[in-house]
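Biologist: Could you take me through this model step by step, with the reasoning behind each answer?

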Amino acid sequence: MKRSSQLTLLIGFTTCVLLTLMFGACKPGYSAETSTGSDAMAPVYAFTLNDIDGKPLALNAFMGKVLLLVNTASLCGNTPQYEGLQTLYEQYREQGLEILAFPANNFGKQEPGTNEEIKSFCYTKYALEFPLFSKISVKGQDMHPLYHYLTTQSPFPGEIEWNFQKFLVNRQGEVIARYRPGLKPLSAQIVQDIERALDKS
């Protein structure tokens, strides 16, 4: 009887270890906090980037918000989308929308300036009020880890196509939509998706 109990305990322990190895392992390149268990923090929140002034800003500061992540550029045909993004922000920020802009010089060298120059341009020409981050790379060998996640491990993989590609993240930190660069921020599709995400707790 004693031997039978010991065997049962051993089987239970072995099963537990196997389940942990199968479902608790971390994704390559990410710490345990980025795994996708029910109590785990969503991967998007694991990243910290410098804001436009060079100060670290952890994305977990935006937990519980609906996020629109956009790679931006100052000299692109899509640059006027900054105006639409600001309008979106003014309209929905009180309901929980945050727009996060990530300047990048990956396409046509259309973001050649320093962070100080980018900041001056955005705040002077478009009077932006949403968070603006320091310049990063969104593709290639020097791609920032946030964009490595978005383009390879999110539900909407694929290389960033051009400036002003957009990803929508719900209040739980899940990437729920991706929009082509040319789709304007105030398009019916983006507005409807944002409103639906804001309505969900």
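Biologist: In this predicted model, between which two strands does the loop with Arg171 lie?
Modeller: Arg171 belongs to a loop rather than to a strand. The loop follows β5, which covers 166-169, and leads to β6, which covers 175-179, so the strands asked for are β5 and β6.

Biologist: Arg171 is buried yet has no salt bridge; which side chain of opposite charge is nearest, and how far away is it?
Modeller: A salt bridge needs a side-chain nitrogen of Lys or Arg within 4 Å of a carboxyl oxygen of Asp or Glu. A polar atom of the Arg171 side chain does lie 3.1 Å from the backbone oxygen of Lys200, but that oxygen belongs to the backbone. The nearest side chain of opposite charge is that of Asp199, at 7.0 Å.

Biologist: Which strands form the edges of the open sheet of 4 strands?
Modeller: The order of the strands is β4-β3-β5-β6, with mixed pairing. An edge strand here pairs on one side only, and the two that do this are β4 (97-103) and β6.

Biologist: Which residue in β4 stands opposite Leu68?
Modeller: Strand β3, residues 66-72, runs parallel to β4 and is joined to it by 7 bridges. Opposite Leu68, in β4, stands Ile99.

Biologist: What angle does the direction of helix α5 make with that of β6?
Modeller: Helix α5, residues 188-199, packs on the sheet and touches β3, β4, β5 and β6. Its direction, taken against that of β6, gives an angle of about 170°.

Terms used. Residues numbered from 1 in each chain as written. Predicted model: local features only at pLDDT ≥ 70, side-chain atom pairs only at ≥ 80, totals over all residues. Heavy atoms only, no water. Buried < 20%, exposed > 50% of the residue type's maximum accessible area, 1.4 Å probe, protein only. Lys, Arg positive; Asp, Glu negative; His and termini not counted. Polar contact = N/O pair within 3.5 Å; in protein donor to acceptor, adjacent residues only side chain to side chain. Pairing = 2+ DSSP bridges. Contact = heavy atoms within 4.5 Å. Axes fitted to C-alpha atoms, helices over the stretch in contact; angles between N-to-C directions.
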